[in-house]
Amino acid sequence: NNAYLVMENGNLVLVATASKDNKYARIADTVNSRAGAELLWNLPGDLAADSILKKVDDAVGALTSSNPSEAKRVMAAVAGATVNALGTAQKDALRDQMGWIRNRTTLMGVNPAYINEDLPYFHMWMEGTGSYAKLDTKGDESGYQLTTWGGTVGMDVDLSDHFTMGAAFTANYGDLTASAADTADGHLDSYYANLFGRYQSKRWAHTLILTGGWNDAKLNRTVNYGEGSYSTQGNTNGWGFGAMYELTYDVYLNEDKSSVLQPLANVSVVTTRMDGYTETGAGNAGLNVGKQEWTTGTVALGGRWMGLIGSNIFGREALAEFRANVAQDMGDRRGETGVGFLANPGYTQTVRGAKVGTTALQIGAGISVPVGTQGTVFVNGNADFRDGASSVNGSVGYRYDF
């Protein structure tokens, strides 16, 4: 800076002030690229010439003049733009899980039109589930795509004419991909324990669901820089807890009460944490990735129609269901995580993921078909649409009445 020439004792001397400003930061105009710029600028000066991180630093230095937009992308990539995909997908998977359990509780309880003298009644059920969820990437802020499959085994008991409670265990296995400045793939496997209860008093019904989960996760990242590239691997665990309460009111649409409209109000909260981890496979270019935490509350209003649609030879009638509601989220809207190079673990920056839309339209449908005198086959489907994100899921199962 401020360079000038002078003559001293017959010599032409260049006098200048060394600049300490981060030359990378001048072209970094996003949160994630600025994080990479700071991480690279603060590298120790004794990096081995043949190390991956030294090659990355040299490549970014050259790109700042020849291709600034590419330099900006590389800076965001080396900072781990896709690492937040893990925590975001974990939160959404837990929310879907509570929705599956809610769908099951809708059909629980005894028919108040009959006298039930032999209570308690016991029921066992199992279902297979599958889902697809997507959050759009925005610039270098990563979204994700998660495809899951798994199943639930549950039991519930009618303790009285008004109260039913039960428990269920779920195992889901998921393939995860993400793409932003870098690309990533991995898995998110989730295991949930669920407790639920439903109380029906005349036309009012109250449902409470408690879900606790544990996650096994892996994320592999690929970073392209200049003429080179490197890959990292990271393994971690997580946990989450969710609670949901739903209130409905029965509005009978015909005299025999075989068609019911239920206005509903639903309140839920989920909190999740993905533990921090250390990447391997890229030497000192790997990252120490901090914990990822989400807490989100949701309020929903809508309605559900339920109606009988025919009967089998035993006089048992199939039950159809359609539901729709508008939901509003509150709380965390994007993942944010602290990261630091293994070459300089004491210096960290924050990278963030794509923002999730807070207002959603949620729709679903289901049917339960009696099989014999004690069995029921059921099918259910759900969809969630919001700004920049969507998900669809379905389940098919069998319930047996003791």
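**Entry 1: the end of H3**

I started just past helix H3, where Gly-80 follows with a positive phi, near 85°. Note to self: this is a predicted model.

I then listed what H3 hides: Ala-71, Val-74, Met-75, Ala-76, Ala-77 and Val-78 are its buried residues. I looked for what lies over them, and the cover includes H1, H2, S7, S8, S15 and strand S12 (287-289).

**Entry 2: H2**

H2 came up in that cover, so I went there next, as H2 is a DSSP run I could look up by number. Helix H2 spans residues 52-66, 15 residues in total. From first C-alpha to last I get 21 Å, close to the 21 Å expected at 1.5 Å a residue.

Which residues of H2 are buried? I find Leu-53, Val-56, Asp-57, Ala-59, Val-60, Leu-63 and Thr-64. Looking down the axis of H2, I see these buried residues fall within an arc of 165°, so they line one face of the helix. That made me recall the usual geometry: an α-helix has 3.6 residues a turn, so residues three or four places apart point the same way. On the face of H2 turned away from the buried side I found the exposed residues Ser-65 and Ser-66.

The buried residues of H2 are covered by elements including helix H1 (31-41), helix H3 (68-78), strand S7 (204-225), strand S8 (228-249) and strand S15 (336-341).

**Entry 3: the core**

Next I checked the largest nonpolar core, which holds 65 residues. The members that touch the most others are Leu-40, Val-78, Tyr-144, Tyr-230 and Phe-341. Which helix gives the most to this core? It is H4, with seven residues.

I picked Phe-341 for a closer look. Leaving out residues up to four places away in sequence, Phe-341 touches Leu-39, Leu-40, Leu-43, Leu-53, Val-78, Asn-284, Ala-285, Gly-286 and Leu-287. Two names on that list I had already met: Leu-53 is among the buried residues of H2, and Val-78 is among those of H3.

**Entry 4: the small sheet**

I traced an open sheet of four strands, in the order S11-S12-S15-S16, with antiparallel pairing. Strand S11 (277-278) and strand S16 (349-352) sit at the edges with a single partner strand each, so one side of each has no neighbour in the sheet. Between S12 and S15 I count three bridges, antiparallel, and Val-289 has Val-339 in S15 as its bridge partner.

**Entry 5: S3 and its two partners**

Strand S3 (residues 121-135) pairs with strand S4 (residues 144-158) over 15 bridges in the antiparallel sense. I noted Trp-125 opposite Gly-154 in S4. S3 is also joined to strand S19 (residues 389-401), by 13 bridges and again antiparallel. There, Leu-135 has Ala-389 in S19 as its bridge partner.

**Entry 6: Asn-103**

Last stop, a polar residue in helix H4 (residues 85-106): Asn-103. Is Asn-103 buried or exposed? It is buried, at a relative accessible area of 2%; the cut-off for buried is under 20%.

What is Asn-103 in contact with, leaving aside neighbours within four places in sequence? I get Arg-323, Asn-380 and Asn-382. The side chain of Asn-103 also makes a polar contact with the side chain of Arg-102, at 3.0 Å. I checked Ser-395 too: 292 residues separate Asn-103 and Ser-395 along the chain, with 9.9 Å between their C-alpha atoms.

Note on methods. Residues numbered from 1 in each chain as written. Predicted model: local features only at pLDDT ≥ 70, side-chain atom pairs only at ≥ 80, totals over all residues. Heavy atoms only, no water. Expected span 1.5 Å × (residues − 1). Buried < 20%, exposed > 50% of the residue type's maximum accessible area, 1.4 Å probe, protein only. Arc of directions from axis to C-beta. Contact = heavy atoms within 4.5 Å. Pairing = 2+ DSSP bridges. Polar contact = N/O pair within 3.5 Å; in protein donor to acceptor, adjacent residues only side chain to side chain. Core = buried A, V, L, I, M, F, W, Y, C linked by side-chain atoms within 4.5 Å.
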